[in-house]
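Hi everyone, thanks for coming. I'd like to walk you through a structure that may be new to you, so please have the sequence and the 3D view open while I talk.

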Amino acid sequence: MANESTDKNSDKHGDKNNLRIKAIENGTVIDHITPGQALNVLNILRVGANFTNTVSIVMNAGGSRGDKDVVKIEGRELTEKEVNAISLISPKATVNIIRDFEVVQKGKIETPDSVCGIVKCINPNCITNSSEPIETRFVVTENEKKKTLALRCVFCESVLTEDLIQFIE
Ligand SMILES: [Zn+2]
């Protein structure tokens, strides 16, 4: 019944309400994404044309300043690996897990000290790029000049600094 009256209400108010993003029943809201990174977040989650649930993307939310992106995904929760990968391109993001319209878990993403099996090494001669079954492992550091994250391969010492999204597997 509650749903019915809400629907009637939005009919009265016309299209304006329909444009608003509805609360999701089960899924994940990723908030405070670095502006411009929403599509990269979806790439990390491999949410693309074959994903059939509702996905809402808000880019440059928060008024004219546009200080964040937001992604809402119905029917999908994130693995730890996915959260770690997102932290590399959007360290200030928060992940909220929604079940039955309630936020059951809300948290700021923490950038891990190291990441395993998430990023591909830039060095073609790195042992992780050979036929050996070795998982990649990078220490997360800071690119002090640019105040962005940098990753150092523990096997070959290669350092990744620019556009980490292109190295995420
Ligand atoms: Zn390497």
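Let me start with a question: which residues does Val119 touch, not counting residues up to four places away in sequence? The answer is Thr136, Phe138, Leu151, Leu160, Phe167, Ile168 and Glu169. Please keep in mind that this is a predicted model.

Val119 leads us straight to the core. The largest nonpolar core has 26 residues, and Val119 is among those with the most contacts inside it, together with Ile30, Ile33, Val41, Val71, Ile86 and Ala93. Which elements give two or more residues to this core? They are β1 (27-33), α3, β3 (68-74), α4 (80-89) and β8. Of these, α4 gives the most, with 4 residues. And where does the core lie with respect to the domains? Domain 1 (2-108) and domain 2 (114-167) both contribute residues, so the core lies between them.

Now, how far can we trust the picture? The protein chain has an average pLDDT of 86, and 85% of the residues score at least 70. Confidence is highest in α3, at a mean of 96, and lowest in helix α1 (residues 2-13), at 44. Over residues 1-14 pLDDT stays under 50, and the model has 2 contacts beyond four places in sequence for that stretch. Where pLDDT is low, the predicted coordinates should not be read in detail. With that in mind, I'll leave the start of the chain aside.

Let's look at some strands. β1 and β3 run antiparallel and are joined by 5 bridges. One pair to find on your screen is Ile33 with its bridge partner in β3, Asp69. β1 also pairs with β4, again in the antiparallel sense, over 5 bridges. There, Val29 stands opposite Asn96 in β4.

Further along the chain, 4 strands form an open sheet, in the order β6-β7-β8-β9, with antiparallel pairing. Which strands stand at the edges? Those are β6 (114-116) and β9 (159-160); each has a single partner strand, so one side of each is left without a neighbour in the sheet. Inside the sheet, strand β7 (residues 137-143) pairs with strand β8 (residues 148-153) over 6 bridges, in the antiparallel sense. Val139 is a handy landmark, as it stands opposite Arg152 in β8.

Next, the cysteines. An unreviewed UniProt entry lists Cys121, Cys126, Cys153 and Cys156 for "binding site". Those four span 36 residues in sequence, yet no two of their C-alpha atoms are more than 8.9 Å apart, so they gather at one spot.

Let's take two of them in turn. Cys153 sits in strand β8. Is it buried or exposed? Cys153 has 21 C-beta neighbours inside 10 Å, so it counts as buried. Leaving aside neighbours within four places in sequence, Cys153 is in contact with Cys121, Asn123, Cys126, Phe138 and Ser158. You may remember Phe138 from the start: Val119 touches that residue too.

Cys126, on the other hand, lies in the loop between β6 and β7. With 17 C-beta neighbours inside 10 Å, Cys126 counts as partly exposed. Beyond four places in sequence, Cys126 touches Cys121, Cys153, Phe155, Cys156 and Ser158.

Two backbone details are worth a look as well. Most residues other than glycine have a negative phi. Phe101, though, has a positive phi, near 70°. Phe101 is in the loop between β4 (94-99) and β5 (102-108), and its 9 C-beta neighbours inside 10 Å make it count as exposed. Glu157 also has a positive phi near 70°, and its place is the loop between β8 and β9. With 10 C-beta neighbours inside 10 Å, Glu157 counts as exposed.

One last stop is Val47, in the loop between α3 (38-44) and β2 (55-61). Which residues does Val47 touch, not counting those up to four places away in sequence? Leu42, Val55 and Ile73. With 17 C-beta neighbours inside 10 Å, Val47 counts as partly exposed. The C-alpha atoms of Val47 and Arg76 are separated by 9.8 Å, and these residues are 29 apart along the chain.

That's my tour, and I'm happy to go back to any part of it. Thanks for listening!

Notes. Residues are numbered from 1 along each chain as its sequence is written. This is a predicted model: local features need pLDDT of at least 70, side-chain atom pairs count only at pLDDT 80 or more; totals for chains, interfaces and linings use all residues. A residue is buried if 20 or more other C-beta atoms lie within 10 Å of its own, exposed if 12 or fewer, and partly exposed in between; C-beta atoms are placed from the backbone. Two residues are in contact if their C-beta atoms, placed from the backbone, lie within 7 Å. pLDDT is the predictor's confidence in each residue, from 0 to 100. Two strands pair if DSSP finds at least two bridges between them. UniProt positions are given in the numbering used here, feature names are shortened, and annotations may be inferred rather than shown by experiment. A nonpolar core is a set of buried Ala, Val, Leu, Ile, Met, Phe, Trp, Tyr and Cys residues joined through C-beta atoms within 7 Å. Domain bounds come from an automatic or database domain assignment.
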